[in-house]
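Thanks, everyone. Let me put the sequence and the structure up, and then I'll walk through a few places in it.

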Amino acid sequence: MIETHAVEPDHATDLLSRLAARTARVAVVGLGYVGLPLALTFARRGGLSALGIDVDPEKARAVGEGRSYLRTVEGAAVREAVDEGRLEATTDFARVTACDAVVICVPTPLTREREPDLSFVERTGEAIAPHLRAGQAVVLESTSYPGTTEEVLLPILERGSGLRAGHDFFLAFSPERENPGSGVATHAIPKIVGGYTPSCLEAALALYASAFDRVVPVSSTRVAEMTKLLENVFRSVNIALVNELKILCHRMDLDVNEIIDAASTKPFGFMPFQPGPGLGGHCIPIDPFYLTWKARQFEFQTRFIELAGEVNTEMPRYVVHRTMEALDARGRTLKGARVLVLGIAYKKDVDDMRESPAVRIIELLQERGAQVVYHDPYVPRVPRMRQHRLDMVSVPLTDDALETADAVLIATDHGGVDYARVVERARLVVDTRNACRAVRVGREKIVKA
């Protein structure tokens, strides 16, 4: 429940004045796919001084040296911001004291039981709380269920700082909307902002207005949190729909991609979604489960959302089953077969491995005795993941690699791959992304999955 008190007028005036004068300093905690672009946006677009904070010393060191460790962030942009003195990075949380605003962009994964894991948010709150001072703004961007800002982060900050949210410091939620690989600049994506109190909202709006083209105020942190979940539940449900239709169309000997293309000619009432091997990235495979978990506290079962999650989660098994069927039809068993997986990132032309369905596909293939190798120009080595341990490195996409594989499985449709060559050299191509749609010669080798 929002209390009626407000941040002291002097604190509010000071922060708003510093933001307007572009003399404010903002700390961004978590320098991943969301945090680093955001820090750069504040530094370059907003003209503010940005301090990146991360528990990984390698990330802090790279930023300090003017280097980018993300393919979607240009090294030249980092170098320019560092050289201008507008961007630096550290592992020292005590430095938030010298900042006017703190934006939290840390992971919010799921446990093995598919329940919310807010440990990163909690630890970040505990790390910054002792160093908060009156007049600062704290904004959470990490995706979570409605109520996280007020129920989880707020008490941690108040307990650790001795300050009161909405009275001594500003508190808000603004969901991240990064889309790696899309080419859309961070500042061009409208920013949803919800405040704990009206004065908290005013401060957060001023912070983001300094760097973003458009800020969209909503009535509370809970509304902002729910907005993010709706955006991703919408995609999850619609992708589940076309994934289920893909399986049905296979049994009916129909091409689901042709059907989607035909339906897309309708100028109203239809939005195309594409089927695939499962969901990847941090948002869509995870966020719906945050909502279904919270809904149970209100004695409500989100059956539609949960069903979509089940459909999408099962897609890697469907892909492996189709691969097995295709090999059987050619007199080859999956056990002992050499399978070359093309693309292991979760989406095309990015180096992001988070929740990639290709990882689960590889695990299932290996469990069934297949000899699996992969090629991905953006992921030279599979990184350590919380729930997966694949000790693999990318192999070159040579003619020999294609010709000696019993099956080439396209899990991610990177744009730089010559799929006509892949089909020409391979014995069998299992295409989960319709990447070979333009290939005309050798289509008898292609099996959609």
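**A walk through the model**

Start at Thr292. Setting aside residues up to four places away in sequence, Thr292 touches Thr302, Ile305 and Glu306. Thr292 sits in helix 10, residues 287–296. Is Thr292 buried or exposed? Its relative accessibility is 3%, so Thr292 counts as buried, the cut-off being under 20%. Its side chain also reaches a backbone atom: the oxygen of Phe289, at 3.0 Å. For a sense of span, take Val430. Thr292 and Val430 are 138 residues apart along the chain, and their C-alpha atoms are separated by 34 Å.

A word on confidence. This is a predicted model. The mean pLDDT of the protein chain is 93, and 96% of its residues reach 70 or more. Residues 1–5 have pLDDT below 50. That stretch still has 13 contacts in the model, beyond near neighbours in sequence.

Back to Phe289. The charged end of Arg114 sits over the ring of Phe289, 4.7 Å from the ring centre. There is another arrangement of this kind to look at. Arg123 lies over the face of Phe120, and here the distance to the ring centre is 5.1 Å.

Now rings against rings. How many aromatic pairs does the structure hold? Five. Take Phe42 and Tyr208. Their ring centres are 5.9 Å apart and their planes meet at 35°, so this pair is tilted. Phe42 belongs to helix 2, residues 35–45, and Tyr208 to helix 7, residues 198–209. The pair therefore ties together parts that lie 166 residues apart in sequence. Both Phe42 and Tyr208 are buried. Tyr208 also pairs with Phe212, and that pair is edge-to-face: 5.7 Å between centres, 70° between planes. Phe212 is buried, as Tyr208 is. Put these together, and ring pairs link Phe42, Tyr208 and Phe212 into a cluster.

Tyr208 leads us to Ser174. Where is Ser174? In the loop between strand 6, residues 170–173, and strand 7, residues 191–195. It is a loop residue, yet Ser174 is buried, with a relative accessible area of 0%. What surrounds Ser174? Beyond its neighbours within four places in sequence, it is in contact with Val139, Leu140, Glu141, Lys191, Ile192, Val193 and Tyr208. One of those, Lys191, makes a polar contact with Ser174, side chain to side chain, at 2.7 Å.

Ile192 turns up again at Thr227. Thr227 is in helix 8, residues 221–251. Why does Thr227 count as partly exposed? Because its relative accessibility is 22%, and partly exposed runs from 20% to 50%. Outside its neighbours within four places in sequence, Thr227 is in contact with Arg177 and Ile192. Its side chain has a polar atom 2.7 Å from the backbone oxygen of Val223. Pro175 is worth a look too. Thr227 and Pro175 are 52 residues apart along the chain, with 8.1 Å between their C-alpha atoms.

Last stop, strand 9, residues 338–342. Four of its five residues are buried, so strand 9 is largely enclosed by the rest of the structure. What is its partner? Strand 10, residues 371–375, and the two pair in the parallel sense over five bridges. Within that pairing, Val339 stands opposite Val372 of strand 10.

That's the tour. Questions welcome.

Notes:
Residues numbered from 1 in each chain as written. Predicted model: local features only at pLDDT ≥ 70, side-chain atom pairs only at ≥ 80, totals over all residues. Heavy atoms only, no water. Buried < 20%, exposed > 50% of the residue type's maximum accessible area, 1.4 Å probe, protein only. Polar contact = N/O pair within 3.5 Å; in protein donor to acceptor, adjacent residues only side chain to side chain. Contact = heavy atoms within 4.5 Å. Phe/Tyr/Trp six-rings, centres within 6.5 Å; stacked < 30°, edge-to-face > 60°. Lys NZ or Arg CZ within 6 Å of the ring centre and 35° of its normal. pLDDT = per-residue confidence, 0-100. Pairing = 2+ DSSP bridges.
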